[in-house]
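User: I have a fold to get my head around before lunch. Can you walk me through it?

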Amino acid sequence: MTSVENVLLASHGTEGSIAAAHMAVRMCNKGAKLHHLVVVPTLWKGMTGDDWLNNGSTRNTFRRYLEGQLGREIDEHCKEISEDAEQHSLHYTREIVVGEPEACLLSSCNNSNYDMVIMGSPRPKGKSGIRSRMPTEPLARSLSIPLLIVPYPNE
């Protein structure tokens, strides 16, 4: 297996991205840098409950609840990866951004000198949850560094 010194891990807590996180930790040399990018897609900005909440105060309460829940889930995911990285003597950093996943990933790549990008594969049909709409082929063509797409677990 190839060893790397500076990895960008695109992971957001789904089963596929957790598999990618485990692979990233295994591939890094001791003392390597593992930069964890979590992108909150812009679609979450529009989650206000307008279709069923009938006043501004209730919508704001719901929005704060949703943002808090999403923040707690991201923090928990980052904590798990940070602890795994620490156990493997890696330097862990994280970046949480709101935007379009492909654009955010490319921007992060342009801001640092990574050896590789590691991410999970799209969720297979038949598995519940939100399916990524990020096309991986154009992304791979846009990158100037290797992209490793880790297979979905048990597929």
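Analyst: Start with the sheet. It is open, has five strands in the order β3-β2-β1-β4-β5, and the pairing is parallel. Two strands count as paired if DSSP finds at least two bridges between them. Helices (H or I, at least four residues) and strands (E, at least two) are DSSP runs, numbered from the N terminus.

User: Which strands stand at the edges?

Analyst: β3 (91-99) and β5 (147-150) do. Each has a single partner strand, so one side of each is left without a neighbour in the sheet. From one strand to the next, the twist averages 20°. Axes are lines fitted to C-alpha atoms, for helices over the stretch in contact, and angles run from 0 to 180 degrees between N-to-C directions.

User: What kind of model is this?

Analyst: The model is predicted: local features need pLDDT of at least 70, side-chain atom pairs count only at pLDDT 80 or more, and totals for chains, interfaces and linings use all residues. Residues are numbered from 1 along each chain as its sequence is written, and side-chain values use heavy atoms, with hydrogens and water left out.

User: Back to β5. How many bridges does β4 share with β5?

Analyst: Four, in the parallel sense, with β4 covering residues 116-120. One bridge joins V117 to L147 of β5.

User: Which strands does α2 touch?

Analyst: Helix α2 (residues 56-87) packs on the sheet against β1 (4-10), β2 (28-41) and β3. Its direction makes about 170° with that of β2. Contact here means heavy atoms within 4.5 Å. Helix α3 (residues 101-110) also packs on the sheet, touching β1, β2, β3 and β4. The direction of α3 makes about 145° with that of β2.

User: And β1, how many of its residues are buried?

Analyst: Six of seven, so β1 is largely enclosed by the rest of the structure. Buried means under 20% relative accessible area, exposed over 50%, and partly exposed in between (1.4 Å probe, protein chains only). β1 pairs with β2 in the parallel sense over six bridges. L8 has H35 in β2 as its bridge partner.

User: Zoom out. What pattern does the chain follow?

Analyst: Along the sequence, β-α-β-α-β-α-β-α-β. That comes to four helices and five strands. Of the 155 residues, 36% are buried. Take contacts between residues at least 6 apart in sequence: 78% of them join residues at least 24 apart.

User: Core next. Which residues touch the most other members?

Analyst: In the largest nonpolar core, with 24 residues, these are V7, L9, L34, L90 and I118. A nonpolar core is a set of buried Ala, Val, Leu, Ile, Met, Phe, Trp, Tyr and Cys residues joined through side-chain atoms within 4.5 Å. The elements giving two or more residues are β1, α1 (15-27), β2, α2 and β4. The largest share, seven residues, comes from α1.

User: What is L90 in contact with?

Analyst: Leaving aside neighbours within four places in sequence, L90 contacts V25, C28, N29, K30, G31, A32, L34 and A85. There is also a second, separate core of 12 residues, including L37, C104, L105 and L139.

User: Cysteines came up. How many disulfides?

Analyst: Zero, from a search of the whole structure. A disulfide would be a pair of cysteine sulfur atoms within 2.5 Å. C28 is buried at 11% relative accessibility. C109 is buried too, at 12%.

User: How many salt bridges?

Analyst: Two in the whole structure. The test is a side-chain nitrogen of Lys or Arg within 4 Å of a carboxyl oxygen of Asp or Glu. D75 pairs with R94, the closest N and O atoms being 3.5 Å apart. D75 lies in helix α2 and R94 in strand β3, so the pair ties together parts that are 19 residues apart in sequence. D75 is partly exposed at 40%, and R94 is partly exposed at 41%.

User: Where do K79 and E83 lie?

Analyst: Both are in helix α2, four residues apart, which is about one helical turn. They form a salt bridge, with the closest N and O atoms 3.5 Å apart. K79 is exposed at 52%, whereas E83 is partly exposed at 38%.

User: Last one. P124: buried or exposed?

Analyst: Buried, with a relative accessible area of 18%. P124 is in the loop between β4 and α4 (136-142). The C-alpha atoms of P124 and Y152 are separated by 7.6 Å, with their positions 28 residues apart along the chain.
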